[in-house]
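Here's a set of exercises to work through with the model open beside you. Try each task by hand before you read its solution.

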Amino acid sequence: MAKIVGGLTTSHIPAVGNAIARELFDDPYWKPFFDAYPKAREWLGENKPDVAIVVYNDHGLNFFLNAQPTFAIGAAPEYRNEDEGWGIPTIDPFPGHPELSWHIINSVVAEEFDLVTCQEMSVDHGFVVPLQLFWPEGRPVKTVPVCINTVQHPVPSPSRCYKLGQAIGRAVRSFPEDLNVVVLGTGGLSHQLDGERAGFINKEFDLMCMEKIVSEPEELAKYSIHDLVRLAGAQGTELIMWLCMRGALGDNVTKVHENYHIPISNTGAGMMVLEA
Ligand code: DHB
Ligand code: FE
């Protein structure tokens, strides 16, 4: 049977994609951010996941305001990155795992989570930057993208996203093949990119989230989306990706590694490795 070995969270700031392309790993601005990732890669080397389920939010590349699904999942043999206008070089496609995707789809739809299923899907910086950070050497894992709307309100509640994650966890654990699966939650932590509060970061709230996501995720799931906008900024709602990831891991989780650094671009950049 398939097994969830753990979860990874990271911010997915597009400027990171640029810094990777320019190899700014030792630049004083970037070093405290990039230095956190080798420990995560070490853990991945020990746990050898075959598949990464990547819970992320599309920012207007694959879905736009004309058609915005609340929850969508990829079921494609590969996922292409495209130019989003950030100046990041586009990179090679990522392999999918359509059999696992369809198993998850069948299982969660049976549990009344009606996801949009995508047999073609372009993946933006929310998906690509984290994969580049955790697997800089290439494409050792197959991927299943799970996309949650944070672009157009109404955005799904933290509690709904946590429950979707729990359903995804049950789906994975009932997949008959012996696969090691890691679940990524990308985005966050606090940031607001536009409007009067542009540049807003809430360190205290971010650190509290990084503590509670380990053993008290239900406490975070109690917030409303409007609470998150107020406490973490309009784009800080990306915490719902972390909660979906956390739901998939099950009850007992150990924190293996974490890093928090502000600012990277406009964001409180958080990274965690959680073992299931
Ligand atoms: C930034 C952060 C994001 O999560 C994003 O999607 C785009 C930009 C930023 O801080 O620049
Ligand atoms: Fe984002």
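**Exercise 1. Work out the strand order and the pairing in the sheet that contains β4.**

Step 1: the order. You should get an open sheet of three strands, β5-β4-β7, with mixed pairing. Helices (H or I, at least four residues) and strands (E, at least two) are DSSP runs, numbered from the N terminus, and two strands pair if DSSP finds at least two bridges between them. The edges are β5 (94-95) and β7 (122-123), each of which pairs on one side only.

A word on the ground rules before going on. This is a predicted model, so local features need pLDDT of at least 70 and side-chain atom pairs count only at pLDDT 80 or more, while totals for chains, interfaces and linings use all residues. Residues are numbered from 1 along each chain as its sequence is written, chains are lettered from A and ligands numbered from 1 in the order in which they are written, and side-chain values use heavy atoms, with hydrogens and water left out.

Step 2: the antiparallel side. Strand β4 (residues 78-81) and β5 run antiparallel and are joined by two bridges. Glutamate 78 has proline 95 as its bridge partner, and tyrosine 79 sits opposite phenylalanine 94.

Step 3: the parallel side. Two bridges link β4 and β7, this time in the parallel sense. Here asparagine 81 faces valine 123 of β7.

Step 4: the faces of β4. Tyr79 and Asn81 make up the covered face, while Glu78 and Arg80 are on the uncovered one.

**Exercise 2. Find the donors of the iron ion (ligand 2) and place the two histidines in the fold.**

Step 1: list the donors. They are His12 (NE2), His59 (NE2) and Glu238 (OE), at 2.1 to 2.2 Å. Donors are N, O and S atoms within 2.8 Å of the metal (3.2 Å for Na, K and Ca); water is not among the atoms, so sites may look incomplete.

Step 2: read off the spacing. Along the chain, the donors follow H-x46-H-x178-E.

Step 3: place the histidines. Histidine 12 is in the loop between β1 (3-10) and α1 (14-21), and histidine 59 in the loop between β2 (51-56) and β3 (71-74), so the pair ties together parts 47 residues apart in sequence.

Step 4: check accessibility. Buried means under 20% relative accessible area, exposed over 50%, and partly exposed in between (1.4 Å probe, protein chains only). Histidine 12, at 4%, therefore counts as buried, whereas histidine 59, at 32%, is partly exposed.

**Exercise 3. How many residues of helix α10 are buried, and what follows the helix?**

Step 1: count. In α10 (residues 239-249), 11 of its 11 residues are buried. Among them are Trp242, Cys244 and Arg246.

Step 2: look past the end. Glycine 250 follows α10 and has a positive phi, near 90°.

**Exercise 4. How many disulfides does the structure hold?**

Step 1: apply the cut-off. A disulfide is a pair of cysteine sulfur atoms within 2.5 Å, and the structure holds zero of them.

Step 2: test cysteine 147. Its closest cysteine sulfur, in cysteine 118, is 7.7 Å away, too far for a bond. Cysteine 147 is buried, at 4% relative accessible area.

Step 3: test cysteine 209. This residue is in no disulfide either, with the nearest cysteine sulfur, that of cysteine 161, 14 Å away. Cysteine 209 is also buried, at 1%.

**Exercise 5. Track down the backbone oddities in the loops.**

Step 1: cis bonds. The peptide bond from histidine 153 to proline 154 is cis, with omega near 10°, and proline 154 lies between β8 (142-148) and α6 (158-173). Glycine 188 and leucine 189 are also joined by a cis bond, with omega about -5°; leucine 189 is in the loop between β9 (180-186) and α7 (203-215).

Step 2: positive phi outside glycine. Glutamate 112 has a phi of about 75° and belongs to the loop between α4 (98-110) and β6 (116-118). At 62% relative accessibility, glutamate 112 is exposed. Serine 265 has a phi of about 55°, in the loop between β10 (254-264) and β11 (267-275). At 36%, serine 265 counts as partly exposed.
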